[in-house]
Amino acid sequence: VDKWRLAQQHLKEVGVAGVYELAGVHAKRFGVRSEHIFLLDGKPQEQYQTSQGNCGNYLSQYAAYLVMDALDYSHYLYMESDCRFVDGWKEKLEQALEDIGTDDWDWIFVGNFCTKGKNPIPIKGNVYEDPYRGKQFWNHYPLTTHCYIVNKRCVKHLIATNRDTASNTDISIQYNSFPKMRVLSIQPTL
């Protein structure tokens, strides 16, 4: 199945145009794998080695940051090829951006999951802030990277803090990058 062709068809159906395609890294075909052990908080009993597929996803995401850094836009809407929008998503996104009312943010989860029990702070409407709450709560952010908006000003920070493929992409970002970023989410997911 041609994932990009299916993605283009869906994007056309929901009114999205002018999308750049960035071919991802197929880790198995490239022979890429991670040998780095991720030690959460230095606890050897929690050793984790990311899968080959996650490694490819991680490298693909990192390549996307490099492209974002090279292009001359103020913000980027990033979507993985399997991203699908809900009915009325565009109007809901426009309303959320209006509710935010400022450019004082770094990352907006347009798509998200694992939000239960994370206690985001309501901003307005369906927009929430997911603040850094200290190292012991490093995972109090929504998860996934299938659809988000990133502010250009923090792209170099994402590049600098995600150089080691040691975990899933979204876990690396919340552990290494989000503590110094203003993270917002739109809930429910669009």
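V183 lies in strand 8, which covers residues 183–186. The model is predicted. This briefing takes V183, then T145, then helix 3.

**V183 in strand 8**
- V183 is buried, with a relative accessible area of 1%. The cut-off for buried is under 20%.
- Beyond its neighbours within four places in sequence, V183 is in contact with W107, F109, Y128, E129, D130, Y141 and F178.
- R5 and V183 are separated by 178 residues in sequence. In space, their C-alpha atoms are 31 Å apart.

**T145 in a loop**
- T145 is found in the loop between strand 6 (127–129) and strand 7 (147–151).
- Is T145 buried or exposed? T145 is buried, at a relative accessible area of 5%.
- The T145 side chain makes a polar contact with the side chain of E80, at 2.8 Å.
- E80 also appears among the contacts of T145 when neighbours within four places in sequence are left aside. The others in that list are N57, Q61, Y78, T169, D170 and I173.

**Helix 3**
- Helix 3 runs over residues 52–70 and has 19 residues.
- At 1.5 Å a residue, helix 3 should span 27 Å. Its end C-alpha atoms are 27 Å apart, so the expected and modelled spans agree.
- The buried residues of helix 3 are C55, G56, Y58, S60, Q61, Y62, A64, Y65 and M68.
- Which elements do the buried residues of helix 3 pack against? The helices are helix 2 (27–30), helix 5 (155–161) and helix 6 (169–177). The strands are strand 3 (75–79), strand 4 (107–109) and strand 7.
- Q61 is one of the buried residues of helix 3, and Q61 is also in contact with T145.

Key: Residues are numbered from 1 along each chain as its sequence is written. This is a predicted model: local features need pLDDT of at least 70, side-chain atom pairs count only at pLDDT 80 or more; totals for chains, interfaces and linings use all residues. Side-chain values use heavy atoms; hydrogens and water are left out. Helices (H or I, at least four residues) and strands (E, at least two) are DSSP runs, numbered from the N terminus. Buried means under 20% relative accessible area, exposed over 50%, partly exposed in between (1.4 Å probe, protein chains only). A polar contact is a pair of N or O atoms within 3.5 Å; within protein, one must be able to donate a hydrogen and the other to accept it, and residues adjacent in sequence count only if both atoms are side-chain atoms. Contact means heavy atoms within 4.5 Å. The expected span of a helix is 1.5 Å times one less than its number of residues.
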